[in-house]
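Reader: Please take me through the domains of this chain and the core they share. Short answers will do.

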Amino acid sequence: MIILHDNENNKAVKLNLVDTHTHLGKEEVVGGKGKDFRIIRPKDHLDFYEKLKYDIHKRMTSYSEDYAFTPPEDPKKLNKTATKLQEIIFKEKRTTQNIGWLADKIVTFPLHDILSSKTDPRFVKSNNYILTRAQTFEYGSRLVPFCRVDPTDGEKAIEEIKRCIDYGARGLKLHPLSEKWIKDIVTDNVISVVKTAADYKLPVIFDCQNYKTAQDIHQVVMEVKSQTISEDFTVIIGHFGFDYQTPGMFELLQHPNIKTETSGMRGDDCEVFYKNCINNVEDWHYSTMYGSDHSYFSVPQASDHLTYLVSNKAKDLGINFEHIRYVLGINALRILKIYWPTKVIKRKGISDSKVTWSDFDKILKCKNQQQLADVVSELSSISGVYFNTDSLFDPSGENVYEELFILNIFADIINLRRSFVVQQINENKTKVSEVTKLMDFASEITRILEESEDTYPFTQQYLFDYLLHQKPK
Ligand SMILES: [Zn+2]
């Protein structure tokens with residue numbers, strides 16, 4: 001979360017930051033000295049966000065007259081954890097991961113991985129790597145795992161998507177160029193893969209390097225739209241096709257099921273892109289999301305983009321604080337599938353659970369965030385236990401509650417999954433309630449909805465919609 005001071009309104013402001021495009025894994029790259037490898041680990045993304053924080057702070061303080069916002073004097077205070085629970089746990093128990101809090105959530109998916117061709121269908125091992133990293137105590141609350149498939153694997157690719165959903169995949173990545181199906185985008189294989197993702201509420205991000213590919217993606221979207229039961233699915237045109245001038249690109253953004261992300265944009269591209277967005281797209285700020293494509297791109301590009309958005313230049317163009325909020329966080333938070341794995345991949349450190357169902361009851365008794373952090377950490381000291389937090393929106397779906405989130409906590413055997421709503425009532429008082437009963441009693445939902453519950457600022461209908469659809473009606 002980014003903390004800034006709004007100069008015009010003279011108040012502190014917070015911005016949720018969701019990176020919609022990063023990679024993990026190992027891929028071969030051709031360098032000057034022949035064969036080499038690109039290796040990206042989860043920690044690299046946290047390091048990247050830590051460096052980015054200092055770079056942004058330096059730019060904004062060195063040329064403060066260029067900015068509509070002011071960073072805190074101390075660069076360390078430019079970012080903050082999204083929840084108090086993260087703050088306590090990472091300060092006390094996970095100190096080496098206590099960095100990079102500029103980003104609240106980091107969407108991540110496989111590279112053109114060396115493991116991808118080792119299985120049939122492709123990417124099974126690469127997907128497992130991503131899915132297991134998201135199932136760790138260290139990274140679970142920040143990494144958002146997307147799976148990747150090669151649609152030319154046909155029915156097997158579809159089975160792989162469904163398998164990954166069981167293990168917690170929250171989106172799908174497709175890369176027509178590197179997998180060499182760039183000429184076959186509008187085909188039954190691709191349409192079936194995207195339709196499967198849409199049916200299961202997974203947003204789909206396509207790598208896209210030009211307008212021609214973007215047009216093909218648009219055709220796929222139209223086909224899927226006519227076939228899927230899920231009306232509000234999302235397809236993301238990666239990098240906005242690196243094309244910030246072609247009017248047709250901006251026409252595509254008018255489509256309610258198409259969004260884009262901005263990775264790779266740098267320098268003056270940012271202004272050109274946003275100027276064209278504002279001139280060509282109605283409610284443009286709902287269709288554009290921030291992405292970094294780390295580590296293909298790194299601090300210079302991300303810093304260009306983020307500092308542009310908070311500059312006077314952007315403000316003069318008509319970009320206001322609300323627009324920035326949507327682009328940096330709200331749009332992405334609204335489309336990500338809720339984290340709901342039903343299985344855990346066996347990995348090192350996973351043995352039969354020593355945590356019992358009743359151990360989790362301790363969470364319900366927590367009266368403040370410190371107690372909650374202690375219990376979560378205590379459970380985590382038992383091998384294979386991890387947690388994840390999901391933001392909740394207010395009923396309009398336009399604001400993230402500051403002190404309200406879903407805590408998903410898992411033991412090494414997935415039937416020990418339990419989920420809680422954590423509400424900060426005041427500085428010292430926290431209320432924790434179990435949410436899974438809403439899912440367990442789905443068949444009795446009408447009765448549950450008739451119970452009046454004034455304790456939470458949202459209705460049970462809202463929470464149910466959140467769990468099922470990830471955004472309120
Ligand atoms: Zn990429």
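Author: The model is predicted, and the questions below go from domains to core.

Reader: Which domains does the domain assignment give?

Author: The bounds come from an automatic or database assignment. That assignment splits the chain into domain 1 (2-335) and domain 2 (357-469).

Reader: How many Å separate the centres of domain 1 and domain 2?

Author: The centres are taken over C-alpha atoms. On that basis, domain 1 and domain 2 have centres separated by 27 Å.

Reader: Which element gives the most to the side of domain 1 that touches domain 2?

Author: Contact here involves 16 residues of domain 1 and 20 residues of domain 2. On the domain 1 side, the elements giving two or more residues are α2 (84-92) and α11. By class, that side has six nonpolar, three charged and seven polar residues. With five residues, the top contributor to it is α2.

Reader: Where does the largest nonpolar core lie, and why?

Author: This core has 125 residues. Helix α11 (residues 321-335) contributes the most, eight residues. Domain 1 and domain 2 both supply residues, so the core lies between them.

Reader: Which residues touch the most other members of that core?

Author: Take V204, leaving out residues up to four places away in sequence. V204 then touches G171, L172, L174, A197, V235, I236 and V194. In the largest nonpolar core, the residues touching the most other members are V194 and V204.

Terms used: Residues are numbered from 1 along each chain as its sequence is written. This is a predicted model: local features need pLDDT of at least 70, side-chain atom pairs count only at pLDDT 80 or more; totals for chains, interfaces and linings use all residues. A nonpolar core is a set of buried Ala, Val, Leu, Ile, Met, Phe, Trp, Tyr and Cys residues joined through C-beta atoms within 7 Å. A residue is buried if 20 or more other C-beta atoms lie within 10 Å of its own, exposed if 12 or fewer, and partly exposed in between; C-beta atoms are placed from the backbone. Helices (H or I, at least four residues) and strands (E, at least two) are DSSP runs, numbered from the N terminus. Two residues are in contact if their C-beta atoms, placed from the backbone, lie within 7 Å. Ala, Val, Leu, Ile, Met, Phe, Trp, Tyr, Cys and Pro count as nonpolar, Asp, Glu, Lys and Arg as charged, and the others, Gly among them, as polar.
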